[in-house]
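User: I would like to go through how the helices, domains and chains of this model pack against each other. Please keep the answers short.

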Amino acid sequence: MFKRRPLQSKSEVWMRNIVMGILVVYMAVFLIIPVIMVIAGSFHQWNPLNETYNWIGIENYVRMFSYPTFWQSMLNTVIFCVFVVFFRVTIGLAVAYALNSKMTRFKTFFRTVFYMPTVTPLVAVAYVWKIMYNPQFGLIDKIFGLDINWLFDSKFALPALMLMTVWKDFGYAVILFLSGLLSLPADCYESASLDGADAWQTFRYITLPLLKPTMLFVVVTSIISYLQAYVPVLVMTKGGPGTSTYLSSYLVYDQAFKQYNFGYASAISLFILVLTAAFTVISFKVTGNKDE
Amino acid sequence: MKQKVLKTTLFIVLCLAGVVTVLPFVWMVLSSFKTNGEIESLEQSLIPLAPTLDNYLNLQSNFDFLRYFANSILIAVLVTVIVVYTSCICGYVLGKYQFKGKNLIFGIVMMTMMVPWSVTIIPRYTMFVKAGLLDSYLSLILPVMFSGFGIFMMKQNMEGIPDELIEAARLDGANEFQIFHQLVFPLCKNGISAIAIFQFLWVWEDYLWPYLMMDSENKQLLAVGLTLFNGRYSTDYGGLFAATAISILPVIIVYVIFQKRFIAGVAAGAVKG
């Protein structure tokens with residue numbers, strides 16, 4: 001806890017007033033007003049190109065919930081989240097566990113390598129993967145001797161996006177799990193090995209439960225960020241074939257900046273905001289429990 | 001004996017995972033030195049059979065890629081410098097001062113991290129078009145001058161600086177602006193480098209906002225330039241490989257140089273978050 005100490009000198013008061021003043025004005029202009037505008041806009045037929053802004057009540061919401069593409073995009077987003085998060089966590093944990101083992105050499109080197117995809121720009125990476133999925137000369141079909149037109153087959157397009165995302169993001173999970181593993185108390189392991197627990201039992205009954213907070217952090221932040229994913233869709237499939245790779249945030253992009261249905265797009269984006277808020281509350285609850 | 005087998009297996013598995021991780025990059029770089037004929041041929045080899053620089057040279061003559069590169073560097077550096085400064089000074093006030101409303105302000109700062117881009121981009125677009133900021137670099141800088149993530153990170157950092165140090169400077173007669181700029185700012189190197197690296201990357205890879213705001217092609221940024229190139233020369237795979245290599249490799253180089261700070265930054269943000 002910090003000492004409670006009131007601001008004393010004039011210069012402290014000035015410093016606070018100037019800095020917080022600018023910050024508050026800035027947040028009002030770039031966060032609070034925009035959110036109010038979106039909420040208001042979602043009740044309007046709103047097209048910036050021909051300057052329409054007509055009150056239509058809840059029609060955008062009615063349309064949203066009765067629009068098959070919306071539900072398709074939500075379903076795709078759920079599938080995307082479930083699989084990507086599952087593999088990101090599993091691979092991330094396995095690799096972190098291997099890196100944390102006393103037997104592993106070149107730890108720093110491997111850590112650097114695994115985190116590399118995470119720091120590269122997504123637009124560029126998505127183009128590389130788009131060519132990797134090319135059925136004639138793409139790397140993936142060549143290596144595995146497959147003949148799949150990944151991005152143009154509605155069965156494979158979404159899994160193709162998921163595979164790329166797992167590849168790009170698993171390193172982040174590795175780093176988080178690694179720092180989680182490093183912070184685990186050593187005495188638990190000592191008593192486990194005294195009790196004769198084997199490696200799997202130690203992992204299952206000691207490491208895994210202790211890593212629960214890290215695990216939840218990875219899961220929740222992943223879900224929040226995948227609710228906002230649109231770049232891979234935009235670069236690799238444009239939502240197709242059909243609507244098989246529409247993700248919810250891509251739908252917002254599509255409705256807002258392709259069709260210029262700003263009101264309708266506002267409604268969808270608010271739905272995403274509500275989902276994000278729900279997951280954030282869950283994550284705060286979870287972190288809160290840890291402190292108790 | 002069993003130890004040795006385990007050790008080797010572990011090493012091999014990690015190596016395999018490592019190869020899978022870097023293979024797309026290696027393939028991209030090597031392919032950028034291949035001719036289009038070789039890229040599209042049925043018989044493939046990883047190493048270019050007839051290495052050529054044409055992809056890079058043609059890229060520049062057909063398409064002013066260096067321009068996009070320079071624009072991206074300019075904007076990314078500017079935004080990064082601004083964000084580092086605003087994050088530090090807000091972090092200092094929020095981390096070291098006690099005053100009414102502090103928690104409310106910090107709460108709203110945290111909320112900014114939660115609001116998805118899709119919510120703010122529609123009204124922001126409307127606001128910037130109305131303000132006549134289309135096609136001006138101001139539109140790329142203004143909305144990202146303060147960063148919720150940055151303020152959060154720096155607040156944590158500032159709280160780690162001993163109060164006594166600041167108190168001593170105050171007794172010596174330094175005012176708060178001097179204390180911040182001369183004493184506190186230089187003490188936050190780790191936090192600053194973590195924020196700088198992330199912020200740079202975020203500007204570097206941002207696509208939609210510059211795409212919406214910038215009309216003139218010669219002012220465009222790299223990520224958008226890449227899609228423009230692909231839209232126009234969609235069958236020039238060699239060119240696309242060269243273009244993506246140019247936009248990915250600098251980031252990888254910067255990352256490899258600073259990887260320790262990078263990784264420490266990620267881990268620190270998560271443990272405390």
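**Packing in the predicted model**

Analyst: This is a predicted model. In chain B, helix α4 (residues 65-96) and helix α8 (residues 148-159) pack with their axes 7 Å apart, at an angle of about 50 degrees.

User: How are α4(B) and α8(B) oriented to each other: roughly parallel, roughly perpendicular or oblique?

Analyst: The angle between α4(B) and α8(B) is about 50 degrees. Angles under 35 degrees count as roughly parallel and 65 to 115 as roughly perpendicular, so neither term applies here. The orientation of α4(B) to α8(B) is therefore oblique.

User: Is the crossing of α4(B) and α8(B) left-handed or right-handed?

Analyst: The axes of α4(B) and α8(B) are 7 Å apart. Their crossing is right-handed.

User: How many charged residues are in the contact of α4(B) with α8(B)?

Analyst: On α4(B), the contact includes B:Val83, B:Cys88, B:Tyr92 and B:Lys96. On α8(B), it includes B:Ile151, B:Met154, B:Lys155 and B:Glu159. By class the contact has 9 nonpolar and 5 polar residues, and the number of charged ones is 3.

User: Which helix of chain B gives the largest share of the side that touches chain A?

Analyst: Between the chains, 71 residues of chain B are in contact with 76 residues of chain A. The chain B side has 50 nonpolar, 14 polar and 7 charged residues. The largest share of that side, 16 residues, comes from residues 237-272 of chain B, which form helix α14.

User: Why do α5(A) and α13(B) count as roughly parallel?

Analyst: Helix α5 (residues 122-132) of chain A and helix α13 (residues 222-232) of chain B have axes that come within 9 Å. The contact joins A:Val123, A:Ala124 and A:Tyr127 to B:Ala223, B:Leu226, B:Thr227 and B:Asn230, with 5 nonpolar, 2 polar and no charged residues. Angles under 35 degrees count as roughly parallel. The two helices meet that limit because they cross at roughly 30 degrees.

User: Within chain A, which element gives the most to the side of domain 1 that touches domain 2?

Analyst: The domain assignment gives domain 1 (10-61) and domain 2 (68-291) of chain A, with 31 Å between their centres. In this contact, 12 residues of domain 1 meet 9 residues of domain 2. Elements giving two or more residues to the domain 1 side are α1 (10-41), β1 (44-47) and α2 (59-65) of chain A. The most, 4 residues, comes from β1(A).

Key
Residues numbered from 1 in each chain as written. Chains lettered and ligands numbered in written order. Predicted model: local features only at pLDDT ≥ 70, side-chain atom pairs only at ≥ 80, totals over all residues. Contact = placed C-beta atoms within 7 Å. Nonpolar A, V, L, I, M, F, W, Y, C, P; charged D, E, K, R; others polar. Axes fitted to C-alpha atoms, helices over the stretch in contact; angles between N-to-C directions. Parallel < 35°, antiparallel > 145°, perpendicular 65-115°, else oblique. Domains from an automatic or database assignment. Left-handed = near helix turned anticlockwise from the far one by under 90°.
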